[in-house]
Amino acid sequence: MDLLGQLFDTTAMTISRAAKDVRPLLETHGIHIPASTARFRTPADIARFLGPDKDKIKPTC
């Protein structure tokens with residue numbers, strides 16, 4: 001939540017509230033998002049995770 005807050009220029013609390021609001025809406029439509037095991041604290045963490053292999057994040061459609 002902290003990283004998303006940094007990326008979207010808001011607070012972790014705001015991100016948490018938004019996630020709590022959105023999750024039930026998605027689940028109502030049959031979309032279930034599993035908890036992630038990846039933990040990123042900074043944008044650099046994401047860049048290192050992706051590295052040259054941009055295919056680690058797969059499109060859903």
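Leaving aside neighbours within four places in sequence, which residues is Leu-7 in contact with? The residues are Pro-43 and Ile-46. The model is predicted. The chain has three helices and zero strands. Buried residues account for 8% of its 61 residues.

**Fold and confidence**

- Along the sequence, the chain reads α-α-α.
- Helix 1 covers residues 2-7, helix 2 covers 12-28, and helix 3 covers residues 43-50.
- Mean pLDDT for the chain is 84, and 85% of the residues reach 70 or more.
- Confidence is highest in helix 2, at a mean of 93.
- Confidence is lowest in helix 3, where the mean is 84.

**Surface**

- The chain exposes about 5,400 Å².
- Carbon and sulfur atoms supply 62% of that exposed area.
- A nonpolar surface patch is formed by Met-1, Leu-4, Leu-7 and Phe-8.
- Together, these four residues have about 420 Å² of accessible area.
- Two patch members, Leu-4 and Leu-7, carry further detail below.

**Leu-4 and Leu-7 in helix 1**

- Leu-4 is found in helix 1.
- Its relative accessible area is 39%, so Leu-4 is partly exposed.
- Leu-4 and Ile-15 are eleven residues apart along the chain, and their C-alpha atoms are separated by 6.9 Å.
- Leu-7 also lies in helix 1.
- Leu-7 counts as partly exposed because its relative accessibility is 45%, between the 20% limit for buried and the 50% limit for exposed.
- Pro-43 is 36 residues from Leu-7 in sequence.
- In space, the C-alpha atoms of Leu-7 and Pro-43 are 7.6 Å apart.
- Leu-7 is in contact with Pro-43, and with Ile-46 as well.
- Both contact partners fall within the range of helix 3, residues 43-50.

**Backbone at Asp-9**

- Asp-9 lies in the loop between helix 1 and helix 2.
- Its phi is near 55 degrees, a positive value in a residue other than glycine.
- Most residues other than glycine have a negative phi.
- Asp-9 has a relative accessible area of 74%, which means it is exposed.

**Salt bridge in helix 3**

- How many salt bridges does a search of the whole structure find? The search finds one.
- The side chains of Arg-48 and Asp-45 form it, at 2.4 Å from N to O.
- That distance falls within the 4 Å cut-off, so the pair counts as a salt bridge.
- Side chains of opposite charge can pair when their charged atoms come close.
- Arg-48 and Asp-45 are three residues apart in helix 3, so about one helical turn separates them.
- Arg-48 counts as exposed because its relative accessibility is 58%.

**Aromatic pair**

- The structure holds one aromatic pair.
- Phe-40 and Phe-49 form the pair, with 5.2 Å centre to centre and 65 degrees between the planes.
- The angle is over 60 degrees, so the pair is edge-to-face.
- The centres also lie within the 6.5 Å cut-off, which is why the two rings pair.
- Phe-40 has 28% relative accessibility, so Phe-40 counts as partly exposed.
- Phe-49 has 37% relative accessibility, so Phe-49 likewise counts as partly exposed.

Definitions and conventions:
Residues are numbered from 1 along each chain as its sequence is written. This is a predicted model: local features need pLDDT of at least 70, side-chain atom pairs count only at pLDDT 80 or more; totals for chains, interfaces and linings use all residues. Side-chain values use heavy atoms; hydrogens and water are left out. Rings of Phe, Tyr and Trp (its six-membered ring) pair if their centres lie within 6.5 Å; planes under 30 degrees apart count as stacked, over 60 as edge-to-face and the rest as tilted. Buried means under 20% relative accessible area, exposed over 50%, partly exposed in between (1.4 Å probe, protein chains only). Helices (H or I, at least four residues) and strands (E, at least two) are DSSP runs, numbered from the N terminus. Accessible areas come from the Shrake-Rupley method with a 1.4 Å probe; for residues, only the protein chains shown count as cover. Patches are made of residues with over 30% relative accessible area and no salt bridge: like charges are joined within 9 Å, nonpolar side chains (Val, Leu, Ile, Met, Phe, Trp, Tyr) within 5 Å. Contact means heavy atoms within 4.5 Å. pLDDT is the predictor's confidence in each residue, from 0 to 100.
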